Amino acid sequence: MPRPTLFRLLLQERRWDNWVVFSMRFEARARALAEEINSPRLARVTVSRRTFDRWYSGTWRGRPQLDAMLVLEALLGFDCAELFGPAPDVLGTRREGPDQGGLQASLAISDRWPTSRLFLSSADNVADSWELTGRSVLDGTTTAVQFHPVARSGDRVGIREPDAATLHRFLRPARRGLLVGVDEQHDNGLQLYVVDSWNAQRAQLFGDAGNALALSAGHLLDDLTYGILWSLVQLDDGLLADDQALEEEQRTFGAYLSMSRSAPSRMSTPALTSVGSNWLGSTFCAQHVRRRLHGVSEPPVFWTREQTGEQAAAWLFFRHKIDYLRGLSERFAGASGGLSRTFCVPEDEVARSGRYERVLLFLAVALMEVHGIWVQVTARPEYSAVDGFALVPGQRAVVASWVRTAALWKADTVTGKADLRGYQDVFQDARTMNVMEGRSPAVRLRSLSSYLDLDWAWLVRRCREVGECTVARVVRPRSRLISVEALDAVLRFVGTLAPGP
């Protein structure tokens, strides 16, 4: 008997072997691809039931029409010659029907967040997987995932797993895993909760099939918790992959720090992940700034290049950046004028970012305010190309950029009077379109939430709930270079602000 097509087995493996389910996936990928390659007609491509049945028969060896072919290849990751040819022997077929709660959850996550894809395994001893993808900074990673129904008792929510052996097999491996609680009966429709396997192990969920892993509102999967999970897991895995290489690369810092100007090529560290390269650049820039500001008594004004949540997430999680920020705040505490920092976030960049990314950007700015740094955000797109700098008016400008640079970092020390006036003019001019007007952090942050199109009452409530839970009780970092303590402090701070007018 001839082998069925790869297309058929892939759909069985992912549990898309239903025309309705497949059509949802196909049409969502068609819309995304239309934007990616600027081809509006692709957004209208659909698959009829008759066509799906022909493709899924497992014996059809033809080729779809061009537009459908483009969408299929983008959706499944194989060219159509492979999809409609015999499948390799290593792929098996699903033996049982899909769990409806897990299927609904996987569809809901993929549809709501385009940077997620979930694959449901066809084998009992192979975990389902959750693929997270980055935009420009994060490399992407995959984590194991397991879906469970949620048990409710009044206001209490918990994940209950009747098959302790199955859960034990999932939690035992050293790799990261996520448990997703599925509540199909909630008044507001499908609600999902998330917790990582480390927390499940700590609660000894697998030790007693009668136990339920207690969850709080902080575990609710929405744009706040997804943004945290999406960025933290990718940063964490990237740094773990590069841990030894980063330790070795830091030994070269001494020579570069002695130079007033440097911009090493990323090709000098070709084996590093994007996350590893950015961590290296960020670490050097922090040391460069501290070194070049030695002896300065007047608070500098800072300009930063982060424009998206993906870029700004480093402030929330990189341990050295939090130490750097805290050190500067303590050093210039009480100084006349205080510290200030400017972000350039054009409206077009806001429009391109999903809400979960805008939440991350908001939290990064709130982190500055928590440390007593007055923040302004300009929307003027012409300043997007300005390098990051720390300006001591009339003395020096310390250039330190690692975000959106071709080099690992771009470092310089500028003292020419004309150049210093230029940096001062940029900073002053940015104030003309500052979207964070206000005398207090609360007022400024509320102005920022409006600019980022984030509902203020929702943001305050959710920050309070996740802050009370703590991030580490939802997803725990594994890299020694990551910390979530500062993010917890930011969440608690925002959670104390007035949610109403």
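**Surroundings of helix α13, the cysteines and N434**

The buried residues of α13 are covered by elements that include α9 (223-241), β8 (301-304), α14 (319-331), β9 (340-344), α16 and α20 (485-495). The model described here is predicted. Helix α13 is mostly covered, since nine of its nine residues are buried. These residues are G309, E310, Q311, A312, A313, A314, W315, L316 and F317.

Among the covering elements is α16, and its packing against α13 was examined further. Helix α13 spans residues 309-317 and helix α16 spans residues 355-370. The two helices pack at an angle of about 40°, and their axes lie 8 Å apart. The crossing in which α13 passes α16 is left-handed. On the side of α13, the contact is formed by G309, E310, A312, W315 and L316. On the side of α16, E357, L360, L361, L363, A364, L367 and M368 take part. Sorted by type, the residues of this contact comprise nine nonpolar, one polar and two charged. Several residues of α13 therefore appear in both descriptions: G309, E310, A312, W315 and L316 belong to the contact with α16, and each of them is listed among the buried residues of the helix.

The structure was also searched for disulfides. A disulfide is a covalent bond between the sulfur atoms of two cysteines. The search covered the whole structure and found zero disulfides. For C463, the closest cysteine sulfur is that of C469, at 13 Å, which is too far for a bond. The converse also holds: the closest cysteine sulfur to that of C469 belongs to C463, and the distance of 13 Å is again too far for a bond. The cut-off for a disulfide is a pair of cysteine sulfur atoms within 2.5 Å, so the pair C463 and C469, at 13 Å, does not qualify. Both cysteines are covered: C463 is buried, with a relative accessible area of 0%, and C469 is buried, with a relative accessible area of 7%.

A further site concerns N434, which is located in the loop between α17 (417-430) and α18 (441-451). Although N434 is part of a loop, its relative accessible area is 10%. Buried means under 20%, so N434 counts as buried. The side chain of N434 reaches the backbone nitrogen of V377 at 2.9 Å. When neighbours within four places in sequence are left aside, N434 is in contact with W374, Q376 and V377. V377 is thus named twice for N434, as one of its contacts and as the residue whose backbone nitrogen the side chain reaches.

Methods:
Residues numbered from 1 in each chain as written. Predicted model: local features only at pLDDT ≥ 70, side-chain atom pairs only at ≥ 80, totals over all residues. Heavy atoms only, no water. Helix = DSSP H or I, 4+ residues; strand = E, 2+ residues; numbered from the N terminus. Buried < 20%, exposed > 50% of the residue type's maximum accessible area, 1.4 Å probe, protein only. Polar contact = N/O pair within 3.5 Å; in protein donor to acceptor, adjacent residues only side chain to side chain. Contact = heavy atoms within 4.5 Å. Axes fitted to C-alpha atoms, helices over the stretch in contact; angles between N-to-C directions. Left-handed = near helix turned anticlockwise from the far one by under 90°. Nonpolar A, V, L, I, M, F, W, Y, C, P; charged D, E, K, R; others polar.
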